[in-house]
Amino acid sequence: MSFYEDGSQYLRKGQYRKAIDYFTLSIKRQIEVANSYFGRGLSQYYMKQNTDAIKDFDKAIEVATTNVKALVKNAKNIELEGAILSDDNKLYEICLSYDMQGESPFLTNNDNLSQLARLMRYRREYKVFSRP
């Protein structure tokens with residue numbers, strides 16, 4: 001198991017202090033960084049450490065945005081659309097949208113997915129799903 005997975009297990013069990021420790025190790029080792037910041041933020045939130053939780057939520061969004069910039073070279077005007085936690089606290093989603101400039105790197109052939117991408121070429125979404 002990775003430090004991130006261990007942190008996620010402790011978070012699900014309500015052992016927030018241990019979860020924070022493992023998410024911190026994951027961040028230091030550069031493993032699942034955006035997810036680890038979000039998981040650590042959730043743990044801090046449940047421990048009523050709201051100031052630290054907000055810092056980690058902001059950092060998770062910053063890392064996810066950096067990932068979009070690295071993975072999608074033509075992405076411009078990147079915006080946070082939302083961060084959602086499921087009712088059972090088992091899934092969360094960070095959604096960023098962005099405009100595409102130039103030819104999309106995803107348009108490589110004439111399959112249905114590429115045709116749909118051509119129709120929607122100017123606005124895209126990037127989502128991070130995870131299990132805390």
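**Exercise 1.** How are α3 and α4 oriented to each other?

*Solution.* The model used throughout these exercises is a predicted one.

Step 1. Identify the two elements: helix α3 covers residues 33–46 and helix α4 covers residues 50–71.

Step 2. Two packed helices are described by the angle between their axes and the distance between the axes. For α3 and α4 the angle is about 165° and the axes are 8 Å apart.

Step 3. Apply the cut-off: angles over 145 degrees count as roughly antiparallel. The helices α3 and α4 are therefore roughly antiparallel to each other.

Step 4. Add the hand of the crossing, which is left-handed for α3 and α4.

Step 5. List the residues in contact. On α3 they are Val33, Ala34, Tyr37, Phe38, Arg40, Gly41, Leu42, Gln44 and Tyr45. On α4 they are Asn50, Asp52, Ala53, Asp56, Phe57, Lys59, Ala60, Val63 and Ala64.

Step 6. Sort these residues by class: the contact of α3 with α4 has 11 nonpolar, 3 polar and 4 charged residues.

**Exercise 2.** Describe the packing of helix α1 against helix α2.

*Solution.*

Step 1. Helix α1 spans residues 3–13 and helix α2 spans residues 16–28. Their axes come within 8 Å and cross at roughly 165°.

Step 2. The cut-off for roughly antiparallel is again over 145 degrees, and α1 and α2 are therefore roughly antiparallel to each other. Their crossing is left-handed.

Step 3. From α1, the contact takes in Phe3, Tyr4, Asp6, Gly7, Ser8, Tyr10 and Leu11. From α2 come Tyr16, Lys18, Ala19, Tyr22, Phe23, Leu25 and Ser26.

Step 4. By class, the contact of α1 with α2 consists of 9 nonpolar, 3 polar and 2 charged residues.

Step 5. Compare the α1 list with the buried residues of that helix, which are Tyr4, Asp6, Gly7, Ser8, Tyr10 and Leu11. Each of these also appears among the contact residues of α1.

Step 6. Look at the end of the helix: just after α1, Gly14 has a positive phi of about 80°.

**Exercise 3.** Which residues do ring pairs link into a cluster with Tyr22?

*Solution.*

Step 1. The structure holds 6 aromatic pairs. Two of them are examined here, beginning with Phe3 and Tyr22, whose rings lie 6.2 Å centre to centre with 35° between the planes. This pair is tilted.

Step 2. Place the partners: Phe3 is in helix α1 and Tyr22 is in helix α2, 19 residues apart. Phe3 is partly exposed, with a relative accessible area of 25%. Tyr22 is also partly exposed, with a relative accessible area of 25%.

Step 3. Turn to Tyr10 and Tyr22, with 5.4 Å centre to centre and 25° between the planes. Planes under 30 degrees apart count as stacked, and this pair is stacked.

Step 4. Tyr10 lies in helix α1 and Tyr22 in helix α2, so the pair ties together parts that are 12 residues apart in sequence.

Step 5. Combine the pairs: Phe3, Tyr10 and Tyr22 are linked into a cluster by ring pairs.

**Exercise 4.** Is Ser43 buried or exposed, and which residues does Ser43 touch, not counting residues up to four places away in sequence?

*Solution.*

Step 1. Locate Ser43 in helix α3.

Step 2. Buried means under 20% relative accessible area. At 0% relative accessibility, Ser43 counts as buried.

Step 3. Leaving out residues up to four places away in sequence, Ser43 touches Leu11, Tyr16, Ala19, Ile20 and Phe23. Among them, Leu11 also takes part in the contact of α1 with α2.

**Exercise 5.** Examine the phi values of Lys48 and Asn77.

*Solution.*

Step 1. Recall the background: most residues other than glycine have a negative phi.

Step 2. Lys48 has a phi near 65°, a positive value in a residue other than glycine. Lys48 sits in the loop between α3 and α4 and is exposed, with a relative accessible area of 68%.

Step 3. Asn77 has a phi near 55°, again positive and again in a residue other than glycine. Asn77 belongs to strand β1, residues 75–85.

**Exercise 6.** Summarise the whole protein.

*Solution.*

Step 1. The secondary structure comes to 5 helices and 3 strands, in the order α-α-α-α-β-β-α-β along the sequence.

Step 2. Of the 132 residues, 39% count as buried. One example is Met100 in strand β2, residues 92–100, which is buried at 4% relative accessibility.

Step 3. Met100 and Ala75 are 25 residues apart in sequence and 4.9 Å apart in space, C-alpha to C-alpha.

How values were computed
Residues are numbered from 1 along each chain as its sequence is written. This is a predicted model: local features need pLDDT of at least 70, side-chain atom pairs count only at pLDDT 80 or more; totals for chains, interfaces and linings use all residues. Side-chain values use heavy atoms; hydrogens and water are left out. Axes are lines fitted to C-alpha atoms, for helices over the stretch in contact, and angles run from 0 to 180 degrees between N-to-C directions. Helices (H or I, at least four residues) and strands (E, at least two) are DSSP runs, numbered from the N terminus. Angles under 35 degrees count as roughly parallel, over 145 as roughly antiparallel, 65 to 115 as roughly perpendicular and the rest as oblique. A crossing is left-handed if the near helix is turned anticlockwise from the far one by less than a right angle, and right-handed if clockwise. Contact means heavy atoms within 4.5 Å. Ala, Val, Leu, Ile, Met, Phe, Trp, Tyr, Cys and Pro count as nonpolar, Asp, Glu, Lys and Arg as charged, and the others, Gly among them, as polar. Rings of Phe, Tyr and Trp (its six-membered ring) pair if their centres lie within 6.5 Å; planes under 30 degrees apart count as stacked, over 60 as edge-to-face and the rest as tilted. Buried means under 20% relative accessible area, exposed over 50%, partly exposed in between (1.4 Å probe, protein chains only).
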